[in-house]
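Open the structure in your viewer and keep the selection tool at hand. This tour goes from stop to stop, saying what to select and what is there.

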Amino acid sequence: MTILEKVTALLGEGAVLEAGTDRVPRIAPGSPDAVALLLGTAHQEGWRVRVEGAGTWLPSDAPADLALTTRRLDRVPAIEPQDLTATAEAGIGLDQLRQQLADRGAWLAVDPPGLAGRTLGSVVATASAGPLRQGFGPVKDHLLGVTFVTGDGRMVQSGGRVMKNVAGYDLTRLQAGGFGAFGVIVLVHLRLRALPRADVTHLLEGSRDELTRVAEDIAAAGLTPAALELVSPALARRDRWVLAVRLVGSPTLIASDEAGLGRFARLRAEEAQGFWMRLAEGFAVRPVTFRIGGVPAASDELLDLLQHQVGDEWISAAPAAGAIRWSGDATVDRLQRLRRTLAALEVPLTLERAPWPVRTAVGHFGAYREGAGPLVAGLRRTFDPGGGLVVATDGE
Amino acid sequence: MNASLASDLAAIVGPRHVRLARAERATYAMDGLPTHRRLPEVVVLPGTREEVIAVIRLLAALGIPFVPRGAGTGLSGGALADEGAVLVVLTRLNRILKIDAANRSALVEPGVVNARLSAATRPHRLHYAPDPSSQSACTIGGNVAENAGGPHCLKYGVTANHILALEVVLATGETVELGSRGGEPWGPDLVGLFVGSEGNFGVATRIAVRLTPLPQAVRTLLADFMALRAAGEGVSAIIAAGIVPAALEMMDQSCVRAVEDSVYAAGYPRDAAAVLLVELDGHDEAAVTAEADAVAALLKHAGARSIRTAADESERERLWQGRKKAFGAMGRLSRDLVVQDAVVPRSALPDVLEAIAAIAAAHALVVSNVFHAGDGNLHPNISFDATDAGMRARVEAGSAEIMAVCIAAGGTITGEHGVGLDKLRYMPLIFDAESLGAMHAVRLVFDPEERVNPGKVVPVHACREWAAGTRKWERGTASAVGSVL
């Protein structure tokens, strides 16, 4: 029997989707249990499995015997507006989830790079925070728990559905940003916010230096913007660099923050929506996207370094949070050199998106600090004992 | 073995910092929960990270298990060492190594007391936000181990949200650096995994924490209710309105009276069925006042009898002192106290509080509730007399029933105190054998011999087998399960 025949016998014809251009069988399990069944079988058979969501972020190009897509795991079993929590399957598109939450007066304060239909599981697995990390923290801060399936088909729950939980080790945080190396996330328990009563965006154009100073002043003044993002001209589709300030919450709080902004221009609601959407989508256009995280005071120096080593055409930075995201075209050699340079400055570089040859050579992660490499390898062996999950964790 | 081990340890830390006499070791036989008692074989108090490493290497060479411990204020029996294990007390590593005001971070040793860090950063208009009630005594290292919370974690997040990087000494004595100064991980989030691992993964010897600006404007409200349910509904109304108070705390009548009878009397109305303490903060006086007005209106609508706003900082401190010292005040009610810790969905609070009252009545127990209502994090505290065997049995039965009610409501068995020894028996109620097995397997990655804080957090007997780890140490596990009192 071929792999396709075995999988069809296992999960039924409904789970088999049309293969991509590389002709790797594409399987869409319809439930978390079906994911466990598939991965358990793959482990026994020695199949290499690549995991995909909607296929809008990472290219579907990793060499594998089959592609597991989570796109049929798109149910939202629970939305609890009173508790501001929800439970969603990993394959639901963020745009659909947002709409369902908004209908119930709730909001997930996460705005990752990529297209609007990017799946929840993809965002969690890659810990892809966007500009809202400034006000609402990284992706992990929005997770109450996850259910995941290991490379050998075991289903594991971690965390729970309530606001605070210290029962057992926090495997949720291991999964958030694990890039799928420690299993396939199938279900996510989310921490929500009430849909903001007001949501406004202000822009200021200028030179990078000038805007960096303005951003510092805003942070120092104690304002609490939801996003404070410095965006390169190409990405912002403007002539000059842009500093974007997003304020969400009660109209009173926003009015008080707006008073402290000065000479910014306030966007109309649809303009603001378009601005943030284009910014997110801009990172899914060029072949390579990475993020780096330094201390806030080093943001300017890091932007200089990026400009010097890989150019700063497509870049977005949260100077007050120390986070920078870069997109463009860069060779393996250049990326490896950049990671080494940054590591010497104690700044991690996480490769978020790239063609397989680049991913496998550079690795999503790398430049581990003292002693961390063996722990990562041990965790990888624990959650994927056969090494069947095709994930480019570490570079060559 | 004791004398020779003590002598080897003394060679590292100096004889003054090794405790061998039974009376000295008895000082360390309990933590903040009086229902568990273990006598460590030896107690050692290293004074530097180098001494910590040397001590752990010695214990690794000898194959001896050990338990890291901070101030011993934990509430789960987590920092207790059995005979045969060495207690490594980290309170002498109490230096604040660096305050980086520009980047709002600090680097500290694990024995730094929580409140001391906030006091040290206050001149920079910064503070360390997680504020457990024991903050005047508990250490940052202990906070990291337990992923400690506190009243102000509603807005600012728990310990895990404030730890940027760690230097960890593994059971072998090897050091590992996790996380980065900016908080971005080097790969998977091992800092997030380590925080809350209750000492099972190693000893944090250096901790980089995020600091938070002090709010420029603060309003503290005290609302009192004649029915517990109405207070619970007031909490739900605030959350559902999208308002995120800095803190939202509830105390029931039993707790209020204990506080008001004590030296911590805060002026809470003694006849109220419950009081809510609500704090709002921000950078703008007018905006915070407007939010406070909105909260007051919601609470009135929920049935608040009266709402009082702290007129000045001293009144605010008094209101908070009553809350933070409530556990201490309960010492007036009886000689022993079980501080429980569970979390439920916020909307379930009114029903769960009524169910707890019914359980208390059925077992003739005095239960006082003082808790983080905004998070749904309950602390039903049972006052009892441990010398009364019948009462001990009722306390144990009542505790188990309270946990069952919280789990049935969709909640969990601990929100901030940790599993330790105390909650081991409840772990299989919320995690299946596969998930417990996964946790155990992760522990083996960090500590293959299971020598650090053995017998805690994961009930090994309830795990499905995962990795083929060599388990040299299983003492404590079996005896701990089911021996709460």
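Two strands count as paired if DSSP finds at least two bridges between them. Helices (H or I, at least four residues) and strands (E, at least two) are DSSP runs, numbered from the N terminus. The model is predicted: local features need pLDDT of at least 70, side-chain atom pairs count only at pLDDT 80 or more, and totals for chains, interfaces and linings use all residues. Residues are numbered from 1 along each chain as its sequence is written, and chains are lettered from A and ligands numbered from 1 in the order in which they are written.

**Stop 1: strand 4 of chain A**

Select residues 26-27 of chain A, which are strand 2, together with strand 4; the two pair in the parallel sense over two bridges. A:Arg26 stands opposite A:Ala67 in strand 4 of chain A. Now add strand 3 (residues 49-52) of chain A, which runs parallel to strand 4 of chain A and is joined to it by four bridges. Here A:Val49 is opposite A:Leu66.

Is strand 4 (residues 66-69) of chain A covered on one face or on both faces? Both are covered: A:Leu66 and A:Leu68 on one side, and A:Ala67 and A:Thr69 on the other, are all buried. A residue is buried if 20 or more other C-beta atoms lie within 10 Å of its own, exposed if 12 or fewer, and partly exposed in between; C-beta atoms are placed from the backbone. In a regular strand the side chains alternate between the two faces of the sheet.

**Stop 2: the eight-stranded sheet of chain A**

Select strands 12 to 19 of chain A. They form an open sheet of eight strands in the order 15-12-14-13-17-18-16-19, with antiparallel pairing. Strand 15 (265-266) and strand 19 (349-353) of chain A are at the edges with a single partner strand each, so one side of each has no neighbour in the sheet.

Inside the sheet, pick strand 17 (residues 314-318) and strand 18 (residues 323-328) of chain A, which run antiparallel and are joined by five bridges. A:Ala317 has A:Ile324 in strand 18 as its bridge partner. Then show helix 11 (residues 299-310) of chain A, which lies across strand 16 (288-293), strand 17 and strand 18 of chain A, at about 15° to strand 18. Such angles run from 0 to 180 degrees between N-to-C directions, and axes are lines fitted to C-alpha atoms, for helices over the stretch in contact.

**Stop 3: all of chain B**

Colour chain B by secondary structure: it has 17 helices and 20 strands. Its radius of gyration is 22 Å, close to the 23 Å that the globule rule gives for 485 residues, so chain B is as compact as a globular protein of that length. That radius is taken over C-alpha atoms, and the rule is 2.2 Å times the number of residues to the power 0.38. Of the 485 residues of chain B, 60% are buried.

**Stop 4: the start of chain B**

Select strands 1 to 4 of chain B, an open sheet in the order 1-2-4-3 with mixed pairing. Strand 1 (18-19) and strand 3 (66-69) of chain B are the edges; each has a single partner strand, so one side of each is left without a neighbour in the sheet. Strand 2 (residues 42-44) and strand 4 (residues 86-89) of chain B pair in the parallel sense over three bridges, with B:Val43 opposite B:Leu87. Add helix 1 (residues 2-13) of chain B, which packs on the sheet, touches strand 1 and strand 2 of chain B, and makes about 0° with the direction of strand 2.

**Stop 5: strand 16 of chain B**

Strand 16 (residues 336-339) of chain B has both faces covered, with B:Asp336 and B:Val338 buried on one side and B:Leu337 and B:Val339 on the other. Strand 20 (residues 380-384) of chain B pairs with strand 16 in the antiparallel sense over four bridges. B:Leu337 stands opposite B:Ser383.

**Stop 6: where the chains meet**

Show both chains. How many residues of chain B are in contact with chain A? There are 75, and they touch 63 residues of chain A; contact means C-beta atoms, placed from the backbone, within 7 Å. Helix 16 of chain B supplies the largest share of the chain B side, eight residues.

Notes:
Two residues are in contact if their C-beta atoms, placed from the backbone, lie within 7 Å.
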